[in-house]
Amino acid sequence: MLMRTDPFRELDRLSQQLMGPGTWSRPSPMPMDAYREGDAYVVAFDLPGVAADAIDIDVERNMLTVKAERRPVAKADDVQMELSERPLGSFSRQIVLADTLDTEHIQADYDAGVLTLRIPIAERAKPRKISIGVGSSRKEISG
């Protein structure tokens, strides 16, 4: 139901470490998990340290785009940074959703640095039983 659009994710991660933080024109990728839970697909993105108002979620046709920005924490003038390993900047991820998912009813929750999207499976894609009619309604075409 979910098609991966980033086959070189590990290469992107390594190059990102070398090139520095992401910008809006060249955002860093964000780690994610995707799985099916009942009648929905769940996609979870790790966004530790990102404020909820700095997250943007868009769906256009079947393309889901999640963008986020981790901004620097305001520091007092007398603070001298000794070590800074937590990445700042922009993060983005795009995934192509299958036609069998209902993109009109996506639910988003953000808790403890994890953005969780629940995407319901469309009714037309769910398994269903087909009833079989019995005999008397047959008609023959003659020519």
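# Exercises on hairpins, sheets and burial

Strands S4 and S5 make a hairpin that has two residues between them, and in its turn arginine 61 has a positive phi of about 55°. This is a predicted model: local features need pLDDT (the predictor's confidence in each residue, from 0 to 100) of at least 70, side-chain atom pairs count only at pLDDT 80 or more, and totals for chains, interfaces and linings use all residues. Residues are numbered from 1 along each chain as its sequence is written, and side-chain values use heavy atoms, without hydrogens and water.

**Exercise 1. Work out which elements the protein chain has, and in what order they run.**

Step 1: Take stock of the elements. The protein chain has one helix and eight strands (DSSP runs numbered from the N terminus: helices are H or I with at least four residues, strands are E with at least two).

Step 2: Walk along the chain from the N terminus. The order is β-α-β-β-β-β-β-β-β, which places the helix second in the series.

**Exercise 2. Find where in the protein chain confidence is lowest and where it is highest.**

Step 1: Begin with the whole chain. Its mean pLDDT is 81, and 75% of the residues reach 70 or more.

Step 2: Now look at single elements. Strand S1 (residues 2-3) has the lowest confidence, with a mean of 54. Strand S7 (residues 107-111) has the highest, at 97.

**Exercise 3. Follow the strands S4, S5 and S6: how many bridges join S5 to S6?**

Step 1: Start at the hairpin. S4 (residues 55-60) and S5 (residues 63-70) run antiparallel and are joined by six bridges; two strands count as paired if DSSP finds at least two bridges between them.

Step 2: Locate some partners in S5. Valine 59 has leucine 64 as its bridge partner there, and isoleucine 57 stands opposite valine 66.

Step 3: Move on to S6 (residues 89-97). S5 and S6 also run antiparallel, and eight bridges join them. One residue to find on your screen is lysine 67, whose bridge partner in S6 is serine 92.

**Exercise 4. Decide which strands form the edges of the four-stranded open sheet.**

Step 1: Write down the order. The open sheet of four strands runs S2-S3-S8-S7, and the pairing is antiparallel.

Step 2: Look for strands with a partner on one side only. These are S2 (32-37) and S7, the edge strands.

Step 3: Check a pair from this sheet. Strand S3 (residues 40-46) pairs with strand S8 (residues 114-120) over seven bridges, in the antiparallel sense. In this pair, alanine 40 stands opposite proline 120 in S8.

**Exercise 5. Sort leucine 97: is it buried or exposed?**

Step 1: Learn the scale. Buried means under 20% relative accessible area, exposed means over 50%, and partly exposed lies in between (1.4 Å probe, protein chains only). Of the 143 residues in the protein chain, 26% count as buried.

Step 2: Apply the scale to leucine 97, which is found in strand S6. Leucine 97 is buried because its relative accessible area is 1%.

Step 3: Try valine 114, which lies in strand S8. Valine 114 has a relative accessible area of 26%, so it is partly exposed.

Step 4: See which residues come together in space. The C-alpha atoms of valine 114 and phenylalanine 45 are separated by 5.6 Å, although the two residues are 69 apart along the chain. For leucine 97 and arginine 61, the C-alpha distance is 8.8 Å, with their positions 36 residues apart in sequence.

**Exercise 6. Compare two loop residues: what is the sign of phi in alanine 112?**

Step 1: Recall the usual case. Most residues other than glycine have a negative phi.

Step 2: Look at arginine 61, in the loop between S4 and S5. Arginine 61 has a positive phi of about 55° although it is not a glycine. With 75% relative accessibility, arginine 61 counts as exposed.

Step 3: Look at alanine 112, in the loop between S7 and S8. Its phi is positive, near 55°, and alanine 112 is again a residue other than glycine. Alanine 112 is exposed because its relative accessible area is 75%.
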